[in-house]
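Here's a quick tour of some helix packing and a couple of loop residues. Keep the viewer open as you read.

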Amino acid sequence: EKGEVLVLLGASGCGKTTTLKLINRLIDPTKGEVLVEGLRTIDWNPIQLRRRIGYVLQEGGLFPHFTVEQNVALVLKLRGEDVAGLRPRVFEMLTLVGLDPEIFADRSPHELSGGQRQRVGVARALAADPALLLLDEPFGALDAITRMKIQTEFAGLVRKLGKTAVFVTHDLHEA
């Protein structure tokens, strides 16, 4: 439901990531139906469907040859948004995830800590204001202290924005 966070908890190889791929139509179901916003995924144009979904990968999935600003703006550019409007939106998203855009926008991913890279990944996923967030073990590669802090911040952010999210993890405590 809108605003709900659904956690898929299970051991490696049980199909958690495959389920996310079914939701964003990277793979089509061979049986049954997967619904997004009340429509079967096979009835969606795959590109239009994916543009309504923010995807956060483990370690952020950032492009190493892009700056932080370019990584966050990527989905907006792919959607054909006005280039002049990108920087304010990128700065807004970086601020939202607790990164000062004046400090971080021009940095490369290798200049960031794991927690900072993860925040950039979340900022990129939120930049296009998606209806749905898919999170594939997004905090799994972080140390325990950073992980706990970002989990708490993320939960507050999802509540604040009223986003629907499907969160995959193998960690019972995280779930």
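## What covers helix 3

In this predicted model, the buried residues of helix 3 are covered by elements including helix 4, helix 5 (101-104) and helix 6. Which residues of helix 3 are buried? Running along residues 68-78, they are Val-68, Glu-69, Asn-71, Val-72, Ala-73, Leu-74 and Leu-76. After helix 3 comes Gly-80, with a positive phi near 80°.

## Helix 3 against helix 6

Let's take one of those covering helices. Helix 3 and helix 6 pack at about 25°, and their axes are 7 Å apart. Angles under 35 degrees count as roughly parallel, so that's the label this pair gets. The crossing of helix 3 past helix 6 is right-handed.

On the helix 3 side, the contact is made by Val-68, Asn-71, Val-72, Val-75 and Leu-76, and helix 6 brings Val-120, Ala-123, Arg-124 and Ala-127. Sort the residues of this contact by type and you get 7 nonpolar, 1 polar and 1 charged.

## Helix 4 against helix 6

Helix 6 (residues 114-127) also packs with helix 4 (residues 86-96), here at an angle of about 130° and with the axes 9 Å apart. How are these two helices oriented to each other? They're oblique, a label that follows from the angle. Helix 4 passes helix 6 in a right-handed crossing.

Arg-89, Met-93, Leu-94 and Leu-96 make the contact from helix 4, meeting Val-120, Ala-123, Leu-126 and Ala-127 of helix 6. The split for this contact is 7 nonpolar, no polar and 1 charged. If you've got both interfaces on screen, look for Val-120, Ala-123 and Ala-127: they're listed for the contact with helix 3 and for the one with helix 4.

## Two buried loop residues

Now for the loops. Thr-41 sits between strand 3 (39-40) and helix 2 (46-51). Is Thr-41 buried or exposed? Its relative accessibility is 1%, so it counts as buried. Leaving out residues up to four places away in sequence, Thr-41 touches Leu-22, Ile-23, Arg-25, Pro-29, Val-34, Val-36 and Leu-49.

Leu-142 is in the loop between strand 5 (132-136) and helix 7 (144-161). The cut-off for buried is under 20% relative accessible area, so Leu-142 makes it with 12%. With the same sequence neighbours left out, Leu-142 touches Gly-114, Gly-115, Gln-118, Arg-147 and Ile-150. Leu-142 and Ser-113 are 29 residues apart in sequence, with 9.4 Å from C-alpha to C-alpha.

Methods: Residues numbered from 1 in each chain as written. Predicted model: local features only at pLDDT ≥ 70, side-chain atom pairs only at ≥ 80, totals over all residues. Heavy atoms only, no water. Helix = DSSP H or I, 4+ residues; strand = E, 2+ residues; numbered from the N terminus. Buried < 20%, exposed > 50% of the residue type's maximum accessible area, 1.4 Å probe, protein only. Contact = heavy atoms within 4.5 Å. Axes fitted to C-alpha atoms, helices over the stretch in contact; angles between N-to-C directions. Parallel < 35°, antiparallel > 145°, perpendicular 65-115°, else oblique. Left-handed = near helix turned anticlockwise from the far one by under 90°. Nonpolar A, V, L, I, M, F, W, Y, C, P; charged D, E, K, R; others polar.
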